[in-house]
Amino acid sequence: MALLESLKQYTTVVADTGDIEAIARHRPQDATTNPSLLYHAAQMPAYRHLVDKASDLAQEAGGGHKEMAAEFIDQLFVLFGREILKVIPGRVSTEVDASLSFDTTATIAKGRRLISLYEKQGVGRERILIKVASTWEGIRAAELLEKEGIHCNLTLLFSFAQAVACAEAGVTLISPFVGRIYDWYKKEKGGAEIPPDQDPGVASVTRIYNYYKKYGYKTQVMGASFRNLNQIVQLAGSDLLTISPELLDQLGKTEGTLERKLDPAKSHASKEERIHLDEKTFRWMHNEDAMATEKLAEGIRKFNADARHLEEYALSQVAEKVG
């Protein structure tokens with residue numbers, strides 16, 4: 001048996017790509033997208049028709065170049081999402097612009113807008129996850145969206161405080177960033193590789209998983225941003241794992257069976273006390289984690305840079321269309 005098939009016995013496998021052909025090849029349950037992935041997919045000749053369709057819809061919506069570019073991006077996300085959903089049985093994650101990370105009201109509005117566009121394309125909201133940064137403001141937006149039946153994936157999650165706040169808000173899914181946590185600690189140690197059994201990204205996800213299962217939270221844990229196969233192997237049993245096509249290829253070509261590492265039955269042995277977080281406690285607890293504060297801020301900046309890159313591309317497409 002290949003490791004990928006073995007993993008699928010315990011964990012929902014999610015493809016982290018905008019390339020629909022790669023998704024179809026690996027047969028994951030779900031898929032995630034982001035502006036960077038969409039930008040690269042949009043350059044592929046195979047998806048030119050989706051770019052043209054988004055341009056046409058943006059032109060129909062009218063307004064100035066900036067408004068049309070924003071419309072183009074929303075439509076492009078939804079058109080790619082709809083195509084992805086044709087080749088997977090589960091859900092696709094669609095990202096809210098990182099520039100809204102500290103704006104609860106605007107995040108709610110964007111989440112509703114994306115869902116309405118999907119519904120116009122005949123896609124039900126149960127198949128969409130709105131991806132939001134795990135700031136206090138983002139978590140509050142997700143809490144309200146969830147009450148409206150709009151499911152959310154809370155991303156850029158690095159601290160235990162973020163994980164607890166997301167569970168208390170009743171969000172559908174969290175995406176703790178295993179590889180970026182590993183990167184921070186590796187840099188702190190002067191660039192030396194960290195032994196697999198001491199991987200801090202793996203330890204973070206394991207702690208969160210056990211806490212959620214011990215206290216009966218419904219929020220699912222989806223490990224993300226992997227640097228190597230070992231990190232995936234160590235998290236076999238996580239509710240979901242979102243994996244790049246390159247690592248999916250490696251898993252598919254490597255023979256072997258995986259032992260289940262994360263198991264709800266074992267989570268009750270966790271000695272973690274249950275905590276409740278108001279805003280002040282959340283901000284203090286998150287701030288006490290140097291890695292998490294640095295990586296969240298950096299992640300928002302990077303996601304925003306990717307979004308601006310996509311925006312420039314959108315403006316060029318709009319300008320080509322309307323002159």
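How many nonpolar, polar and charged residues does the lining of the second largest pocket have? Hold that thought while we walk through the structure, which is a predicted model.

Start with the barrel. Strands of a sheet pair through backbone hydrogen bonds, either parallel or antiparallel. Here 8 strands close into a barrel in the order S1-S2-S3-S4-S5-S6-S7-S8, and the pairing is parallel. On average, neighbouring strands of this sheet are turned by 30° against each other, ignoring direction. To see S1 and S8 meet, look at residues 12–16 (S1) and 240–243 (S8): these two strands run parallel and are joined by 4 bridges. Ala-15, for instance, stands opposite Ile-243 in S8.

Now for a couple of the helices. H6, residues 104–120, packs on the sheet and touches S3 and S4, with its direction making about 160° with that of S4. H5, residues 65–85, lies across S2 (30–32), S3 (92–95) and S4, and runs at about 170° to S3.

What about empty space? Rolling a probe the size of a water molecule over the atoms shows where such space is left. Counting cavities of 30 Å³ or more gives 1, and the largest cavity has a volume of about 70 Å³. Its lining takes in 13 residues, with Val-96, Asp-97, Ala-98, Ser-101 and Ala-133 nearest the centre. Strands S4 (128–133) and S5 (152–157) each supply at least two of the cavity's lining residues, and S4 gives the most, with 3. Sorted by class, the cavity lining has 7 nonpolar, 3 polar and 3 charged residues.

Next come the pockets. The largest one has a volume of about 460 Å³ and is lined by 26 residues, among which Asp-16, Asn-34, Phe-177, Arg-180 and Ser-225 lie nearest its centre. At least two lining residues each come from H3 (35–42), S5, H9 (178–188), S8 and H15 (290–322). H15 has the largest share of that lining, at 5 residues. The class split for the largest pocket is 8 nonpolar, 9 polar and 9 charged.

That brings us back to the second largest pocket, which holds about 250 Å³ of space. It is lined by 18 residues, and those nearest its centre are Ile-73, Asp-74, Asp-97, Lys-110 and Arg-308. H5, H6 and H15 each supply at least two residues of this lining, with the largest share, 6 residues, coming from H5. And the answer to the opening puzzle: the lining of the second largest pocket has 10 nonpolar, 1 polar and 7 charged residues.

Note on methods. Residues are numbered from 1 along each chain as its sequence is written. This is a predicted model: local features need pLDDT of at least 70, side-chain atom pairs count only at pLDDT 80 or more; totals for chains, interfaces and linings use all residues. Side-chain values use heavy atoms; hydrogens and water are left out. On a 1 Å grid over the protein atoms alone, a cavity is a set of points where a 1.4 Å probe fits but cannot get out, and a pocket is an open set with protein on both sides within 12 Å along at least five of seven lines; lining residues have an atom within 4 Å of a point. Grid points are joined across faces, edges and corners, and a volume is the space filled by probe spheres set on the points. Ala, Val, Leu, Ile, Met, Phe, Trp, Tyr, Cys and Pro count as nonpolar, Asp, Glu, Lys and Arg as charged, and the others, Gly among them, as polar. Two strands pair if DSSP finds at least two bridges between them. Axes are lines fitted to C-alpha atoms, for helices over the stretch in contact, and angles run from 0 to 180 degrees between N-to-C directions. Contact means heavy atoms within 4.5 Å.
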